[in-house]
Amino acid sequence: MPYSMNDRIRFSESDSSGRLSIPGLINLFQDCCTFQSEDLGVGKSYMKSRHEAWFIFSWQIKIDSLPALGDQVTADTWAAGFNALIAKRDFRLKSADGEKVFARARSIWSIVDLDQMFPKKIDPKQVEAYGMEPPVEGTWYGRKIRYDETRLSEKRTFTVSFDQLDSNHHMNNSQYVLEAMSEVPEGATVNEIRVEYKMQALLGEEIHIFSSNESGKAVISMKKTDGTECAVVQFGLE
């Protein structure tokens, strides 16, 4: 059965339009799955005792609309598939009465051994705890984002700051999207987000943002100074 979290859209989660921001949406989904793990007894303390953590490989999010400041909402999440090293987790954000679906998402995760910094086989206790439900409705892509690098041009750089870090001491998943949002053309509406995470960005590292804007799409590549790509973000635009 999906795990549900009831919430209300806060001012701190809203953008200039008075609606839930896109980084706010990602944080809401992340909070929902974190609370499920905690409630099932396989949360942060359990993972820390095993010297491991969940690392995300990709997001795919489809947005029909976004709730407004003060709206009552329900976020749902569930495990949608496991193999030896990969877990698929789906999400849905809807109105509190269940009548309206605002957004749907698919994500791909792996458990990483924090001593070796390498993916490890998923613990059967985790599989049993989460169970498994059918995939969220929609047409979904593979986790890799294909793009024409010759179309990209460098736009700006930023330095990873302390307030962008998560408990694993690298840049939080939503922060990549927040930085990429600067490349969305003014007045455009984002209806789809894809993120492929490749390498952790760490405190104090300088990250270079390259982007291209085409009809209905913006592609953003984030690279370290040595050229290592940290993440690719693709926005569907209307």
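**Close-up 1. The lining of the largest cavity in this predicted model.** Here we look at the ring of names around one enclosed space: Met-1, Gln-36, Trp-78, Ala-79, Tyr-130, Gly-131, Met-132 and Glu-133 line the largest cavity. The space inside comes to about 40 Å³. Sorted by class, the lining residues are 5 nonpolar, 2 polar and 1 charged. A search of the whole structure, with 30 Å³ or more as the size to reach, finds 1 cavity.

**Close-up 2. Leu-40 of helix α1 and its contacts with Ala-129 and Tyr-130.** Tyr-130, already met in the cavity lining, turns up again here. Leaving aside neighbours within four places in sequence, Leu-40 is in contact with Ala-129 and Tyr-130. Leu-40 itself belongs to helix α1. Is Leu-40 buried, exposed or partly exposed? Its relative accessible area is 37%, so Leu-40 counts as partly exposed.

**Close-up 3. Gln-126, a buried residue in helix α3.** Helix α3 covers residues 124-130, and Gln-126 has its place there. Because its relative accessibility is 0%, Gln-126 counts as buried. Which residues does Gln-126 touch, not counting those up to four places away in sequence? They are Val-42, Tyr-46, Met-47, Glu-52, Trp-54 and Ile-111. For a link back to the previous view, Leu-40 and Gln-126 are 86 residues apart in sequence, while their C-alpha atoms are 9.0 Å apart in space.

**Close-up 4. The largest pocket, with Trp-54 among the residues closest to its centre.** About 1,200 Å³ of space lies in this pocket. It is lined by 44 residues, and those closest to its centre are Ala-53, Trp-54, Phe-55, Trp-109 and Asn-168. Trp-54 is also one of the residues that Gln-126 touches. Several elements each supply at least two residues of the lining: α1 (22-40), α2 (44-49), β2, β3 (72-82), β4 (87-95), β5 (101-113), β6 (118-119) and α4 (173-180). Strand β2 provides the largest share, with 6 residues. By class, the lining residues divide into 23 nonpolar, 12 polar and 9 charged.

**Close-up 5. The second largest pocket, where Val-190 is among the residues closest to the centre.** This pocket holds about 460 Å³ of space. Of its 22 lining residues, Asp-15, Leu-66, Ala-188, Thr-189 and Val-190 are the closest to its centre. Which elements give two or more residues to this lining? They are α1 and β8. The lining has 10 nonpolar, 7 polar and 5 charged residues.

**Close-up 6. Strand β8 and its antiparallel partners β2 and β11.** Strand β8 spans residues 190-197 and is mostly covered, with 7 of its 8 residues buried. Strand β2 (residues 52-63) runs antiparallel to β8, and 5 bridges join the two. In this pairing, Ser-58 stands opposite Glu-196 in β8. Strand β11 (residues 229-237) also runs antiparallel to β8, and here 7 bridges make the connection. Val-190 stands opposite Leu-237 in β11.

**Close-up 7. Phe-235 in the largest nonpolar core.** As background, nonpolar side chains in soluble globular proteins tend to be buried together. The largest nonpolar core has 56 residues, and Leu-25, Trp-59, Leu-93 and Phe-235 touch the most other members. Helix α1 gives the most to this core, with 7 residues. Leaving aside neighbours within four places in sequence, Phe-235 is in contact with a list of residues including Val-177, Ala-180, Val-190 and Ile-193. A second, separate core has 5 residues, among them Ile-145, Phe-210, Val-219 and Val-232.

**Close-up 8. Helix α4, a mostly covered helix.** In α4, 7 of the 8 residues are buried. The buried ones are Asn-173, Ser-174, Gln-175, Tyr-176, Val-177, Glu-179 and Ala-180. Val-177 and Ala-180 both appear among the contacts of Phe-235.

**Close-up 9. His-51 and Met-117, two loop residues with positive phi.** Most residues other than glycine have a negative phi. His-51, in the loop between α2 and β2, has a positive phi of about 55°. Met-117 is placed in the loop between β5 and β6, and its phi is also positive, at about 50°. How exposed is each residue? His-51 is partly exposed, with a relative accessible area of 45%. Met-117 is partly exposed too, with a value of 43%.

Note on methods
Residues are numbered from 1 along each chain as its sequence is written. This is a predicted model: local features need pLDDT of at least 70, side-chain atom pairs count only at pLDDT 80 or more; totals for chains, interfaces and linings use all residues. Side-chain values use heavy atoms; hydrogens and water are left out. Helices (H or I, at least four residues) and strands (E, at least two) are DSSP runs, numbered from the N terminus. Buried means under 20% relative accessible area, exposed over 50%, partly exposed in between (1.4 Å probe, protein chains only). Contact means heavy atoms within 4.5 Å. Two strands pair if DSSP finds at least two bridges between them. On a 1 Å grid over the protein atoms alone, a cavity is a set of points where a 1.4 Å probe fits but cannot get out, and a pocket is an open set with protein on both sides within 12 Å along at least five of seven lines; lining residues have an atom within 4 Å of a point. Grid points are joined across faces, edges and corners, and a volume is the space filled by probe spheres set on the points. Ala, Val, Leu, Ile, Met, Phe, Trp, Tyr, Cys and Pro count as nonpolar, Asp, Glu, Lys and Arg as charged, and the others, Gly among them, as polar. A nonpolar core is a set of buried Ala, Val, Leu, Ile, Met, Phe, Trp, Tyr and Cys residues joined through side-chain atoms within 4.5 Å.
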